[in-house]
Amino acid sequence: MPSKLLTVDELSAYLKIPKPTVYYLAQTGRIPASKVGRHWRFDEEEIKKWLKEQQVAYRNRRRKK
């Protein structure tokens, strides 16, 4: 079964962050995203992987202090 594609609104609600932050992360390449025409789309599975990577990176930064 293919992964679900999320809109900016859906991802904003999923991550519990403001929509402008989602746009910023997408435009700067800091979050996995695809642009379809003028619309951003986010693969749910890629977002889950990205979140895990962020958690690992955060833990590693904390350990170095």
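A nonpolar core, as I use the term here, is a set of buried Ala, Val, Leu, Ile, Met, Phe, Trp, Tyr and Cys residues joined through side-chain atoms within 4.5 Å. I am working from a predicted model.

**Entry: the core**

I looked up the largest nonpolar core and found 12 residues in all. Its members are L6, V8, L11, L15, V22, L25, A26, I31, W40, F42, I47 and W50. Then I checked which elements feed this core: α1 (8–15), α2 (19–27), β3 and α3 each supply at least two residues.

I picked I31 for a closer look. Setting aside neighbours within four places in sequence, I found I31 in contact with L11, L15, L25, A26, F42, I47 and W50.

**Entry: the sheet**

Next I traced the strands. They form an open sheet of three, in the order β1-β3-β2, and the pairing is antiparallel. That puts β1 and β2 at the edges, each pairing on one side only. I also noted that α3 packs on this sheet and touches β1 and β3, with its direction at about 70° to that of β3.

I went through the pairings in turn. Strand β1 (residues 5–6) is joined to β3 by two bridges, in the antiparallel sense; for L6, the bridge partner in β3 is F42. Strand β2 (residues 34–36) runs antiparallel to β3, with three bridges between them. Here I noted that S34 has R41 as its bridge partner in β3.

The hairpin of β2 and β3 has two residues between the strands, and I saw that G37 takes a positive phi near 65° there.

**Entry: two faces of β3**

Which residues of β3 lie on its covered face, and which on the uncovered one? For this strand (residues 39–43), I have W40 and F42 on the covered face. H39, R41 and D43 are on the uncovered face. Both W40 and F42 had already turned up in my list for the largest nonpolar core.

**Entry: E44**

I finished with E44, which I found in helix α3 (residues 44–64). Is E44 buried or exposed? It is buried, yet I found no salt bridge for E44. The nearest side chain of opposite charge is K48, 4.4 Å away. The cut-off for a salt bridge is 4 Å, so K48 at 4.4 Å does not qualify.

Not counting residues up to four places away in sequence, E44 touches K4 and L6. I had met L6 before, as the bridge partner of F42.

Methods. Residues numbered from 1 in each chain as written. Predicted model: local features only at pLDDT ≥ 70, side-chain atom pairs only at ≥ 80, totals over all residues. Heavy atoms only, no water. Helix = DSSP H or I, 4+ residues; strand = E, 2+ residues; numbered from the N terminus. Buried < 20%, exposed > 50% of the residue type's maximum accessible area, 1.4 Å probe, protein only. Lys, Arg positive; Asp, Glu negative; His and termini not counted. Contact = heavy atoms within 4.5 Å. Pairing = 2+ DSSP bridges. Axes fitted to C-alpha atoms, helices over the stretch in contact; angles between N-to-C directions.
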